[in-house]
Amino acid sequence: TTRFLEEETLRSQELLQRLDAHIQSMKLENSNTVCKY
Amino acid sequence: AGLEEMKEQYMKAVEKIKGDMLRYLQESKERAAELIKTEVLKERQDTARRMRR
Amino acid sequence: AGLEEMKEQYMKAVEKIKGDMLRYLQESKERAAELIKTEVLKERQDTARRMRR
(Lines give C-alpha, C1' and ligand atoms only; values in the text may rest on other atoms or scores of the structure.)
Protein backbone atom coordinates (compact mmCIF):
# COMPACT_ATOMS: atom_id res chain seq x y z
CA THR A 1 0.00 0.00 0.00
CA THR A 2 2.88 2.32 0.85
CA ARG A 3 4.45 1.77 -2.55
CA PHE A 4 1.09 2.23 -4.22
CA LEU A 5 0.63 5.57 -2.45
CA GLU A 6 4.15 6.69 -3.35
CA GLU A 7 3.53 5.96 -7.00
CA GLU A 8 0.16 7.69 -6.83
CA THR A 9 1.82 10.76 -5.37
CA LEU A 10 4.34 10.79 -8.21
CA ARG A 11 1.60 10.36 -10.80
CA SER A 12 -0.49 13.11 -9.26
CA GLN A 13 2.50 15.45 -9.38
CA GLU A 14 2.86 14.73 -13.09
CA LEU A 15 -0.84 15.35 -13.53
CA LEU A 16 -0.54 18.66 -11.71
CA GLN A 17 2.24 19.73 -14.07
CA ARG A 18 0.04 18.88 -17.05
CA LEU A 19 -2.89 20.86 -15.60
CA ASP A 20 -0.63 23.85 -15.01
CA ALA A 21 0.56 23.62 -18.61
CA HIS A 22 -3.04 23.73 -19.86
CA ILE A 23 -3.75 26.74 -17.66
CA GLN A 24 -0.64 28.57 -18.85
CA SER A 25 -1.54 27.79 -22.42
CA MET A 26 -5.02 29.25 -21.94
CA LYS A 27 -3.53 32.32 -20.25
CA LEU A 28 -1.23 32.90 -23.21
CA GLU A 29 -4.02 32.44 -25.74
CA ASN A 30 -6.27 34.81 -23.78
CA SER A 31 -3.49 37.41 -23.71
CA ASN A 32 -2.93 37.09 -27.45
CA THR A 33 -6.65 37.58 -28.04
CA VAL A 34 -6.72 40.67 -25.84
CA CYS A 35 -3.75 42.11 -27.77
CA LYS A 36 -5.34 41.25 -31.09
CA TYR A 37 -8.56 43.14 -30.35
CA ALA B 1 -11.51 46.44 -20.56
CA GLY B 2 -14.17 43.76 -21.02
CA LEU B 3 -11.64 41.39 -22.53
CA GLU B 4 -9.21 41.96 -19.65
CA GLU B 5 -11.99 41.34 -17.19
CA MET B 6 -12.98 38.08 -18.91
CA LYS B 7 -9.33 37.00 -18.99
CA GLU B 8 -9.12 37.39 -15.19
CA GLN B 9 -12.42 35.60 -14.68
CA TYR B 10 -11.35 32.68 -16.84
CA MET B 11 -8.06 32.41 -14.95
CA LYS B 12 -9.92 32.44 -11.65
CA ALA B 13 -12.41 29.84 -12.89
CA VAL B 14 -9.74 27.51 -14.18
CA GLU B 15 -7.67 27.80 -10.98
CA LYS B 16 -10.75 26.93 -8.98
CA ILE B 17 -11.32 23.87 -11.17
CA LYS B 18 -7.70 22.83 -10.61
CA GLY B 19 -8.15 23.23 -6.83
CA ASP B 20 -11.32 21.16 -6.84
CA MET B 21 -9.62 18.46 -8.93
CA LEU B 22 -6.67 18.29 -6.55
CA ARG B 23 -8.94 17.94 -3.52
CA TYR B 24 -10.84 15.17 -5.29
CA LEU B 25 -7.59 13.45 -6.20
CA GLN B 26 -6.43 13.52 -2.60
CA GLU B 27 -9.69 12.02 -1.36
CA SER B 28 -9.69 9.39 -4.07
CA LYS B 29 -6.11 8.39 -3.20
CA GLU B 30 -7.08 7.96 0.47
CA ARG B 31 -10.17 5.95 -0.48
CA ALA B 32 -8.09 3.66 -2.71
CA ALA B 33 -5.59 3.03 0.10
CA GLU B 34 -8.45 2.25 2.51
CA LEU B 35 -10.03 -0.12 0.02
CA ILE B 36 -6.78 -2.00 -0.54
CA LYS B 37 -6.22 -2.36 3.20
CA THR B 38 -9.80 -3.53 3.75
CA GLU B 39 -9.69 -6.13 0.97
CA VAL B 40 -6.39 -7.58 2.14
CA LEU B 41 -7.60 -7.71 5.75
CA LYS B 42 -10.82 -9.40 4.66
CA GLU B 43 -8.84 -12.02 2.79
CA ARG B 44 -6.65 -12.68 5.83
CA GLN B 45 -9.70 -13.09 8.08
CA ASP B 46 -11.33 -15.47 5.59
CA THR B 47 -8.07 -17.42 5.44
CA ALA B 48 -7.78 -17.64 9.24
CA ARG B 49 -11.37 -18.89 9.41
CA ARG B 50 -10.71 -21.55 6.76
CA MET B 51 -7.54 -22.68 8.51
CA ARG B 52 -9.36 -23.05 11.84
CA ARG B 53 -12.01 -25.17 10.14
CA ALA C 1 -15.45 38.25 -31.51
CA GLY C 2 -12.73 38.56 -28.88
CA LEU C 3 -15.09 37.35 -26.18
CA GLU C 4 -16.10 34.34 -28.26
CA GLU C 5 -12.48 33.51 -28.93
CA MET C 6 -11.59 33.69 -25.25
CA LYS C 7 -14.57 31.59 -24.28
CA GLU C 8 -13.44 28.87 -26.71
CA GLN C 9 -9.91 28.99 -25.30
CA TYR C 10 -11.32 28.56 -21.80
CA MET C 11 -13.54 25.65 -22.88
CA LYS C 12 -10.58 24.01 -24.59
CA ALA C 13 -8.51 24.25 -21.41
CA VAL C 14 -11.35 22.84 -19.32
CA GLU C 15 -11.76 19.91 -21.71
CA LYS C 16 -8.04 19.14 -21.60
CA ILE C 17 -8.08 19.24 -17.80
CA LYS C 18 -11.13 16.98 -17.70
CA GLY C 19 -9.50 14.52 -20.12
CA ASP C 20 -6.30 14.31 -18.10
CA MET C 21 -8.22 13.86 -14.86
CA LEU C 22 -10.34 11.03 -16.28
CA ARG C 23 -7.28 9.23 -17.65
CA TYR C 24 -5.50 9.59 -14.32
CA LEU C 25 -8.48 8.28 -12.35
CA GLN C 26 -8.98 5.34 -14.72
CA GLU C 27 -5.31 4.37 -14.35
CA SER C 28 -5.52 4.70 -10.56
CA LYS C 29 -8.52 2.43 -10.48
CA GLU C 30 -6.74 -0.18 -12.62
CA ARG C 31 -3.59 -0.02 -10.52
CA ALA C 32 -5.56 -0.42 -7.30
CA ALA C 33 -7.45 -3.41 -8.73
CA GLU C 34 -4.15 -5.01 -9.87
CA LEU C 35 -2.64 -4.52 -6.44
CA ILE C 36 -5.64 -6.05 -4.69
CA LYS C 37 -5.60 -9.05 -7.04
CA THR C 38 -1.86 -9.56 -6.46
CA GLU C 39 -2.11 -9.26 -2.68
CA VAL C 40 -5.10 -11.61 -2.46
CA LEU C 41 -3.34 -14.19 -4.66
CA LYS C 42 -0.18 -13.93 -2.55
CA GLU C 43 -2.21 -14.39 0.62
CA ARG C 44 -3.89 -17.49 -0.83
CA GLN C 45 -0.57 -19.03 -1.91
CA ASP C 46 0.92 -18.41 1.54
CA THR C 47 -2.13 -20.03 3.10
CA ALA C 48 -1.93 -23.07 0.83
CA ARG C 49 1.73 -23.46 1.77
CA ARG C 50 0.97 -23.21 5.49
CA MET C 51 -1.89 -25.66 5.23
CA ARG C 52 0.32 -28.20 3.42
CA ARG C 53 2.89 -27.89 6.19
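These are my notes on chain A, the cores it shares with chains B and C, and one threonine in chain B.

**Starting point.** I am working from a predicted model, so everything below is computed from it.

**Chain A overall.** I looked up the secondary structure and found 1 helix and 0 strands in chain A. I then took the extent of the C-alpha trace, which spans about 55 × 5 × 5 Å along its principal axes. Does the helix length agree or disagree with what 35 residues should span? At 1.5 Å a residue I expect 51 Å for α1(A), and the end C-alpha atoms are 51 Å apart, so the two agree.

**Surface and charge of chain A.** I get about 2400 Å² exposed, with carbon and sulfur atoms supplying 52% of that area. Of the 37 residues in chain A, 32% are buried. I also checked the charges: there are 5 positive and 6 negative ones, and their mean positions lie 7 Å apart.

**Buried side of α1(A).** Which residues of α1(A) are buried? My list has A:Phe4, A:Glu8, A:Arg11, A:Ser12, A:Leu15, A:Leu19, A:His22, A:Ile23, A:Met26, A:Asn30, A:Thr33 and A:Val34. An α-helix has 3.6 residues a turn, so residues three or four places apart point the same way. I asked what the buried residues of α1(A) pack against, and the partners are α1 of chain B together with α1 of chain C.

**Largest core.** The largest nonpolar core holds 17 residues, and those with the most contacts inside it are A:Leu15, A:Met26, B:Val14, C:Tyr10 and C:Ile17. I traced where the core comes from: α1 (2-36) of chain A, α1 (2-52) of chain B and α1 (2-52) of chain C each supply at least two residues. The biggest giver is α1(C), with 7 residues.

**A:Met26 up close.** Setting aside neighbours within four places in sequence, I find A:Met26 touching B:Tyr10, B:Met11 and B:Val14 on chain B. On chain C, A:Met26 is in contact with C:Gln9, C:Tyr10 and C:Ala13.

**Second core.** I also noted a separate core of 8 residues, among them A:Phe4, B:Ala32, B:Val40 and C:Ile36.

**B:Thr38.** I placed this residue in helix α1 of chain B. Is B:Thr38 buried or exposed? Neither label fits: B:Thr38 counts as partly exposed because its relative accessibility is 42%, and that class lies between under 20% for buried and over 50% for exposed. Last, I took a distance to B:Met11, which is 27 residues from B:Thr38 in sequence and 41 Å away in space, C-alpha to C-alpha.

Key
Residues numbered from 1 in each chain as written. Chains lettered and ligands numbered in written order. Predicted model: local features only at pLDDT ≥ 70, side-chain atom pairs only at ≥ 80, totals over all residues. Heavy atoms only, no water. Core = buried A, V, L, I, M, F, W, Y, C linked by side-chain atoms within 4.5 Å. Buried < 20%, exposed > 50% of the residue type's maximum accessible area, 1.4 Å probe, protein only. Helix = DSSP H or I, 4+ residues; strand = E, 2+ residues; numbered from the N terminus. Contact = heavy atoms within 4.5 Å. Areas by Shrake-Rupley, 256 points an atom, 1.4 Å probe, with all protein chains shown as cover. Lys, Arg positive; Asp, Glu negative; His and termini not counted. Charge placed at Lys NZ, Arg CZ, Asp CG, Glu CD. Expected span 1.5 Å × (residues − 1).
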